[in-house]
Protein chains: 2
Amino acid sequence: MQTDPDFSLDEVDRQILAELQQDGRMTNVELARRVGLSAPPCLRRVRRLEEEGIIRGYHAELDPVALGYEITFFALVGLESQKEAVLSAFEGMVREWPEVRECHMIRGGGDFLLRLVARDTAHENALTSRLTAAPEVARVQTLQTIRTAKDAAGVPV
Amino acid sequence: MQTDPDFSLDEVDRQILAELQQDGRMTNVELARRVGLSAPPCLRRVRRLEEEGIIRGYHAELDPVALGYEITFFALVGLESQKEAVLSAFEGMVREWPEVRECHMIRGGGDFLLRLVARDTAHENALTSRLTAAPEVARVQTLQTIRTAKDAAGVPV
DNA sequence: GCTTGGCGCGCAATATCATTGCTCGACCCC
DNA sequence: GGGGTCGAGCAATGATATTGCGCGCCAAGC
């Protein structure tokens with residue numbers, strides 16, 4: 001039961017998670033040094049955390065601007081129906097759009113919060129239009145990000 | 001000029017970025033194999049991408065539920081003022097709250113979109129109350145996440 | 001109280017990987 | 001053509017990951 005709230009995570013495990021959340025490419029030797037263990041048991045703990053699904057993966061964090069994405073914005077999308085088929089169809093559609101990075105259903109259905117990236121304002125407008133024009137979409141409210149004060153990945157450990 | 005849109009990123013660089021965004025702990029040997037290079041030039045490219053800030057870091061992705069955070073939600077917060085001092089004060093405050101994982105200013109000031117985590121609904125309510133009670137906060141609208149159809153980190157490569 | 005297991009650590013050995021210096025070929029500008 | 005630059009590959013070295021094994025610690029049973 002990998003989603004069992006903690007209970008089996010001791011202090012060392014939490015420290016390992018905190019370190020790897022902060023720097024996922026740290027060598028096992030360095031990680032072991034920081035948590036006060038020798039390398040082998042440290043690696044075994046990391047493997048266990050991976051196998052239990054507590055560590056889901058490792059990702060490089062890239063600079064969006066360097067890759068040509070100047071704009072990050074959010075969109076609140078309201079659908080005309082709360083029928084499951086409609087909701088799934090919408091989710092399936094945005095799943096295929098590479099510019100849509102996150103799609104969360106909110107308030108019990110019929111509404112979605114999306115996070116998107118765009119190369120420029122023209123691209124952003126095009127994406128908004130595409131959303132508005134999509135079947136069953138009733139409302140689109142875009143939330144342009146002006147500045148980001150905090151962007152911590154993951155969860156506090 | 002690390003934020004210069006691409007131009008200096010060739011096809012191999014992009015492939016490296018895509019692979020590392022997907023699996024940030026891949027060994028350099030494996031990465032080199034996938035992009036069709038030998039290990040040394042591959043490593044040199046990765047180092048260059050790191051030094052130029054195109055790769056900002058590496059992070060483990062953790063299961064929030066396993067760490068005791070059952071709930072992820074968003075909050076739209078409106079302030080009573082758009083004065084820079086007020087905006088900064090609000091940002092400084094939420095920066096200190098571990099449960100606030102992201103804080104984006106939207107629509108030119110006075111409004112913020114936050115992403116938060118909470119252990120349970122009681123915790124969530126407490127956080128919402130704390131937000132509402134904070135100085136200069138005029139409105140708080142919470143957007144409860146019912147289900148997440150897509151949660152891709154980073155940007156398309 | 002001693003024995004018996006289970007559990008998790010550290011040690012040591014080996015395979016794998018990261019990292020450096022060097023050489024070579026391709027391309028460009030003269 | 002003749003430097004010059006750039007980036008790749010090779011080879012050698014140092015670090016790291018990974019495995020097997022033995023030991024000590026704690027807890028349950030006799």
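**Close-up views of the protein–DNA and chain A–chain B contacts**

**View 1. An N or O atom in the side chain of R45(B) lies 2.5 Å from a phosphate oxygen of DNA strand D.** The model shown is predicted: local features require pLDDT of at least 70, side-chain atom pairs count only at pLDDT 80 or more, and totals for chains, interfaces and linings use all residues. Residues are numbered from 1 along each chain as its sequence is written, chains are lettered from A and ligands numbered from 1 in the order in which they are written, and side-chain values use heavy atoms, with hydrogens and water left out. Strand D also approaches the backbone at two residues: a phosphate oxygen is 2.9 Å from a polar backbone atom of V29(A), and another such distance, 2.8 Å, separates a phosphate oxygen from a backbone N or O atom of S38(B). Two or more residues of the surface near DNA strand D come from each of α2 (28–35) and α3 (39–51) of chain A and α3 (39–51) of chain B. Helices (H or I, at least four residues) and strands (E, at least two) are DSSP runs, numbered from the N terminus.

**View 2. DNA strand D is surrounded by 13 residues.** The closest are N28(A), V29(A), R47(A), S38(B) and R45(B). Of the atoms of strand D within 4 Å of the protein, 67% belong to sugar and phosphate. A residue is near a strand if one of its heavy atoms lies within 4 Å of it. By class, the surface near strand D holds six nonpolar, three polar and four charged residues. Here Ala, Val, Leu, Ile, Met, Phe, Trp, Tyr, Cys and Pro count as nonpolar, Asp, Glu, Lys and Arg as charged, and the others, Gly among them, as polar.

**View 3. DNA strand C is approached through both its phosphates and a base.** Surrounding strand C are 13 residues, the closest being S38(A), R45(A), N28(B), V29(B) and R47(B). A phosphate oxygen lies 2.3 Å from a side-chain N or O atom of R47(B), and a phosphate oxygen is 2.8 Å from a side-chain N or O atom of S38(A). At R44(A), a polar side-chain atom is 3.1 Å from a base oxygen of strand C. Within 4 Å of the protein, sugar or phosphate supplies 65% of the strand C atoms and bases the rest.

**View 4. Chain A and chain B each give 73 residues to their contact (heavy atoms within 4.5 Å).** The buried area, the accessible area (1.4 Å probe) that two parts lose on being put together, summed over both, is about 6,800 Å², with 53% from carbon and sulfur atoms. R25(B), R147(B) and K150(B) supply 13% of the area that chain B buries, more than any other three residues. Eight salt bridges cross the interface, each a side-chain nitrogen of Lys or Arg within 4 Å of a carboxyl oxygen of Asp or Glu. One salt bridge joins R147(A) and E84(B) at 3.2 Å, N to O.

**View 5. Strand β1 (residues 55–62) of chain A and β1(B) pair in the antiparallel sense over seven bridges.** Strands pair if DSSP finds at least two bridges between them. Within this pairing, G57(A) is opposite E61(B).

Notes: Polar contact = N/O pair within 3.5 Å; in protein donor to acceptor, adjacent residues only side chain to side chain.
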